[in-house]
Protein chains: 2
Amino acid sequence: MDHCATCYVRNRAICSALEVDEVTALGRIGRHHRLVPGQTLIWEGEDSMLVANVIDGVLKLSTSLSDGREQIVGVVYPSDFIGRPFGTRVQHNVTALTDAHVCTFSSSDFERFAREHPELEHKLLERTLGELDRTRRWLLLLGRMTASEKLANFLLDMSERLTPGGSCGNSPADGFDLPFGRQQIADILGLTIETVSRRLNDFKAQKIIAVPSRRRIEILDRTALSDIAANATL
Amino acid sequence: MDHCATCYVRNRAICSALEVDEVTALGRIGRHHRLVPGQTLIWEGEDSMLVANVIDGVLKLSTSLSDGREQIVGVVYPSDFIGRPFGTRVQHNVTALTDAHVCTFSSSDFERFAREHPELEHKLLERTLGELDRTRRWLLLLGRMTASEKLANFLLDMSERLTPGGSCGNSPADGFDLPFGRQQIADILGLTIETVSRRLNDFKAQKIIAVPSRRRIEILDRTALSDIAANATL
DNA sequence: CGAGAACTTGATATGCCTCAACTTGCGTGG
DNA sequence: CCACGCAAGTTGAGGCATATCAAGTTCTCG
């Protein structure tokens, strides 16, 4: 695999810790994969052990109870790292939500390489610490927020992540396309699809957002949305 | 500080990655602290930046909303690591639940030391990855479980962590003392104190547990408890 | 022994879930 | 190009689990 030289996320992924020749060496143990929406890369409980970098697309991490209740426990974007090195067992499914490109490694190969490249491990550590922070904030959301607060926070979060240029304020086109359907939003927020639909329509009725198509959200009144989410901000 | 040589958690904390002389060097930049229950070591949002190892005791990590709703986002035990190195800002309070001993470092000192000792960073990475896994499982609990399921899982989790010898099965004294009051259990599980009390009494009535004193729990029927928690296990 | 905190218990309220029908959007094939 | 059919999303009615509010009770510690 010699894609590395032209890799989109080369400067943001953990690979950015490496020198050119080291990237080449890492590239040699990696494999490029293309995923279609709904395709699962890693299954909960399996110990095959694969890790990967996301090059393009959005994937979800999810776990579920035996009766079918599901919770999305993470969402990964381009340049994010997937998998559980230095562990025995994956704790969740990893499934593509959009068309996606990933760069996979066998865990053992990756682990060996990482241990020889402390800079890489350091980058991974920083990333993991950040992910832990974000996951802990999510605990507050799931444990203590109402449906409206959950949705407001979710929309603000999405607007940050998905707005390309980073247009802040109440600029004319403060909108984005969600990579999720309603059920997936529900699975992220610990709600039912019906509640998501209802609260979203409340926001629409209050002219806080517009929903021109199923997956598109436009934020009309960011202040109002922040106010609803605000309790969270501390 | 020359406690390191006799430190209780010396072989389990991240220090275990280091050689004797390295531990000594780390010890020189650390300070020993004693905390009493309720004492807060780190405040949410502050950027003073302190990191620490827990030597003894139990501490909680918590965040709260402006109107007082609180969520415990983590619980740390002896040998666990506290704080957010390589970041700008702490996202939660760190408060002692019991008398506690911690070994603190200024973030910058610790970061400098860590970057010079890849083995230490590696241990920290493993720890952080494990913590992330556990936190993600907690998302499932908060987002998708009923109060009884939450409590059953909580009790089983506690019994694992707090049982000294690791007595499994239905041995005669399958009990432990919680380091939490009812309100804190509620704040861990995203419930109210009243619901915790009621469900706990249900378990008592069903002879699944006994509660000889406020903080003591004895598991009488581990199978039943597992069944209630079971949906989670997948 | 007294006072306060911690916890329990009860009555009521409510936000979210459940179940069910309906609508909309969208791709496919006639 | 339209019409069909299915998947996705919306809307409504009603129920239920948990929250809320308000007393009680039991520990605990000076």
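In which strand is A:Ser64 placed? A:Ser64 belongs to strand β4 of chain A, which spans residues 59-64. The model is predicted.

**A buried serine**

Is A:Ser64 buried or exposed? Its relative accessibility is 18%. Buried means under 20%, so A:Ser64 counts as buried. A:Ile29 stands 35 residues from A:Ser64 along the chain. In space, the C-alpha atoms of A:Ser64 and A:Ile29 are 32 Å apart.

**Two copies**

How is chain A related to chain B? A rotation of 180° superposes chain A on chain B, with 0.0 Å of shift along the axis. The RMSD of this superposition is 0.0 Å. The two copies are therefore related as by a two-fold rotation axis. Both copies use the same surface. Of the contact residues of chain A, 100% recur in chain B.

**Helix α1 of chain B**

Helix α1 of chain B covers residues 20-28. Its buried residues are B:Val23, B:Leu26 and B:Gly27. Why do they share a side of α1(B)? Around the axis they cover an arc of only 105°, which puts them on the same side of the helix. A general rule of helix geometry is useful here. An α-helix has 3.6 residues a turn, so residues three or four places apart point the same way.

What do the buried residues of α1(B) pack against? Their partners in chain B are β1 (30-35), β8 (100-106) and α2 (107-115). The face turned away from the buried side carries B:Asp21 and B:Arg28, which are exposed.

**DNA strand C**

There are 17 residues around DNA strand C. A:Ala147, A:Thr195, B:Ser197, B:Arg198 and B:Asn201 come nearest. By class, the surface near the strand has two nonpolar, seven polar and eight charged residues. Helix α6 (193-205) of chain A supplies at least two residues of this surface, and so does α6 (193-205) of chain B.

Which part of the DNA lies within 4 Å of the protein? Of the strand C atoms in that range, 67% belong to sugar or phosphate. The rest belong to bases.

Arginine side chains also come up to base atoms of strand C. The table lists three such pairs, each with an N or O atom on the side chain.

| Residue | Base atom of DNA strand C | Distance |
|---|---|---|
| A:Arg198 | oxygen | 3.0 Å |
| A:Arg214 | oxygen | 2.9 Å |
| B:Arg214 | nitrogen | 3.2 Å |

A:Arg214 and B:Arg214 thus appear with a base oxygen and a base nitrogen, respectively.

Note on methods: Residues are numbered from 1 along each chain as its sequence is written. Chains are lettered from A and ligands numbered from 1 in the order in which they are written. This is a predicted model: local features need pLDDT of at least 70, side-chain atom pairs count only at pLDDT 80 or more; totals for chains, interfaces and linings use all residues. Side-chain values use heavy atoms; hydrogens and water are left out. Buried means under 20% relative accessible area, exposed over 50%, partly exposed in between (1.4 Å probe, protein chains only). Helices (H or I, at least four residues) and strands (E, at least two) are DSSP runs, numbered from the N terminus. The arc is that of the directions from the helix axis to the C-beta atoms. Contact means heavy atoms within 4.5 Å. A residue is near a molecule or strand if one of its heavy atoms lies within 4 Å of it. A polar contact is a pair of N or O atoms within 3.5 Å; within protein, one must be able to donate a hydrogen and the other to accept it, and residues adjacent in sequence count only if both atoms are side-chain atoms. Ala, Val, Leu, Ile, Met, Phe, Trp, Tyr, Cys and Pro count as nonpolar, Asp, Glu, Lys and Arg as charged, and the others, Gly among them, as polar. Copies are superposed by least squares on the C-alpha atoms of residues with pLDDT of at least 70 in both.
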